[in-house]
Amino acid sequence: MKNFISVHDVTDINALVKKALAFKANPLMSQSLGKDKRIGLLFLNPSLRTRLSTQVAAKNLGMEAIVFNVDKEGWALEFEEGAIMSGNTVEHVKDAAPILGSYFDILCIRTFPSLKNKEDDYSELYITQFMKYAGVPVISLESATLHPLQSLTDIITIKESLQAQKITRKPKIVLTWAPHVKPLPQCVANSFAQWVNAWGEADFVITHPEDYELSEEFTKGATITHNQDEALKDADFVYVKNWSTYTDYGKIYENDPRWMLDNEKIALTNNAKVMHCLPVRRNVELSDEVLDSPNSIVTQEAANRVWAAQAVIAEILGAKA
Ligand code: CP
């Protein structure tokens, strides 16, 4: 593996999941793989889980992890080729990225979308420019349209839960839109859809209000419905996430609280396990009664972020060796 930006960087999802679960069983089994190597974690946006789980993963592999909050501590970066930098940006990525690449063996970067211009966000300019100029492998810590470390974690958690429940048939997985007070990126939903479709071992249904269709580039292969109750019927896993509109880009049309998952909706499912990438707005996106019930596996899911990151970093280090 050279970079980790989307599911397309993975040749065998199940093999990567197996590797992650092996690390979960034995976190220090490859403690010397990253000896004398450094990983740089660049954040242009806030994070709790991604930041800390990636640091722990690197440490487990014997690597030094250095975090740089670019948005707060760095120079304002320019990403446009040929830009006349007479505005607020101070340093071009063309100059900064190779320097960062000389300090680190692997660079990781979090760059949220602007939610102002769909074409710009969906061009993935920031992460693409980093990959172009860094000269070392790049791992996405969530980009403008995708969140691959989260999605790998989600598949790991689903497989683990299937094994624990001794379910051997194809599970039904439902991705449901949930209300929120702010317009949020489409990254987690896009990425989850992309990975579940690529994995191919589930009946996959996406449900959301009208006008919340995601890009077909990611959803193709899933059943899509505006009827949440119908979608939830017999679900084994319900993945809850808000996203803003794709067609009228970055807007909120709908905040109907009836889309929030509560016990009445769980009763429609096959006693489904409930997932969310976190952070979650309690009693807006997901009710307390569901989050605090045995149906919720959000803590297990967040804890699994370490093993996903560790498997990906190990793959990249292995490829470099
Ligand atoms: N799920 C996730 O990416 O969490 P953070 O934003 O806290 O990193």
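The exercises below work through a predicted model, each with a solution in steps.

**Exercise 1. Confidence**

Task: State the mean pLDDT of the chain and the ipTM and pTM of the complex.

Solution.
- Step 1. The chain has a mean pLDDT of 97.
- Step 2. A pLDDT of 70 or more is reached by 99% of its residues.
- Step 3. For the complex, the predictor gives an ipTM of 0.99 and a pTM of 0.97.
- Step 4. Predicted coordinates should not be read in detail where pLDDT is low.

**Exercise 2. Two domains and their contact**

Task: Identify the domains of the chain and describe the side of domain 1 that touches domain 2.

Solution.
- Step 1. The domain assignment places residues 7–146 and 305–317 in domain 1, and residues 150–302 in domain 2.
- Step 2. Between the C-alpha centres of domain 1 and domain 2 there are 25 Å.
- Step 3. Domain 1 contributes 20 residues to the contact and domain 2 contributes 21 residues.
- Step 4. On the side of domain 1 that touches domain 2, α1 (13–25) and α14 (305–320) each provide at least two residues.
- Step 5. The largest share of that side of domain 1 comes from α1, with 5 residues.
- Step 6. Sorted by class, the side of domain 1 that touches domain 2 comprises 13 nonpolar, 2 polar and 5 charged residues.
- Step 7. The UniProt record, an unreviewed entry, places the feature "domain: Aspartate/ornithine carbamoyltransferase carbamoyl-P binding" at residues 2–160. This span is 43% helix and 14% strand, and its end C-alpha atoms are 27 Å apart.

**Exercise 3. The surroundings of strand β10**

Task: Determine whether strand β10 is enclosed or open, and name the strands that pair with β10.

Solution.
- Step 1. Strand β10 covers residues 237–241, and 5 of its 5 residues are buried. The strand is therefore largely enclosed by the rest of the structure.
- Step 2. In a regular strand, side chains alternate between the two faces of the sheet.
- Step 3. In β10, one side carries F237, Y239 and K241, while V238 and V240 lie on the other. These residues are all buried, and both faces are covered.
- Step 4. Strand β7 (residues 172–177) pairs with β10 in the parallel sense over 5 bridges. Within this pairing, I173 has F237 of β10 as its bridge partner.
- Step 5. Strand β11 (residues 273–275) also runs parallel to β10 and is joined to it by 3 bridges. Here M275 of β11 is the bridge partner of Y239.

**Exercise 4. Residues listed as a binding site**

Task: Name the residues that UniProt lists for "binding site", and describe the surroundings of E142 and R281.

Solution.
- Step 1. In the unreviewed UniProt entry, the feature lists E142, H180, K241 and R281.
- Step 2. E142 lies in the loop between β6 (138–140) and α7 (148–164). Its phi is near 115 degrees, a positive value in a residue other than glycine.
- Step 3. E142 counts as buried because 25 C-beta neighbours lie inside 10 Å; the cut-off for buried is 20 or more.
- Step 4. With neighbours within four places in sequence left aside, E142 contacts T50, R110, F112, H147 and C187.
- Step 5. K241 belongs to the buried residues of β10.
- Step 6. R281 is located in the loop between β11 and α12. It has 16 C-beta neighbours inside 10 Å and so counts as partly exposed.
- Step 7. Under the same exclusion of neighbours within four places in sequence, R281 contacts H180 and V181. Of these, H180 is itself listed for the binding site in the UniProt entry.

**Exercise 5. The loop between β11 and α12**

Task: Describe the backbone at P279 and N283.

Solution.
- Step 1. The loop between β11 and α12 (288–291) contains P279.
- Step 2. The peptide bond joining L278 and P279 is cis, with omega about 5 degrees.
- Step 3. N283 lies in the loop between β11 and α12 as well. Its phi is positive, about 65 degrees, although N283 is not a glycine.
- Step 4. N283 is partly exposed because 13 other C-beta atoms lie within 10 Å.

**Exercise 6. The position of S215**

Task: Locate S215 and state which residues S215 touches.

Solution.
- Step 1. S215 is in the loop between β8 (203–207) and α9 (216–219).
- Step 2. S215 has 16 other C-beta atoms within 10 Å and is therefore partly exposed.
- Step 3. Not counting residues up to four places away in sequence, S215 touches N190 and Y246.
- Step 4. S215 and I173 are 42 residues apart along the chain, and their C-alpha atoms are separated by 19 Å.

Terms used: Residues are numbered from 1 along each chain as its sequence is written. This is a predicted model: local features need pLDDT of at least 70, side-chain atom pairs count only at pLDDT 80 or more; totals for chains, interfaces and linings use all residues. UniProt positions are given in the numbering used here, feature names are shortened, and annotations may be inferred rather than shown by experiment. Helices (H or I, at least four residues) and strands (E, at least two) are DSSP runs, numbered from the N terminus. Domain bounds come from an automatic or database domain assignment. Two residues are in contact if their C-beta atoms, placed from the backbone, lie within 7 Å. Ala, Val, Leu, Ile, Met, Phe, Trp, Tyr, Cys and Pro count as nonpolar, Asp, Glu, Lys and Arg as charged, and the others, Gly among them, as polar. A residue is buried if 20 or more other C-beta atoms lie within 10 Å of its own, exposed if 12 or fewer, and partly exposed in between; C-beta atoms are placed from the backbone. Two strands pair if DSSP finds at least two bridges between them. pLDDT is the predictor's confidence in each residue, from 0 to 100.
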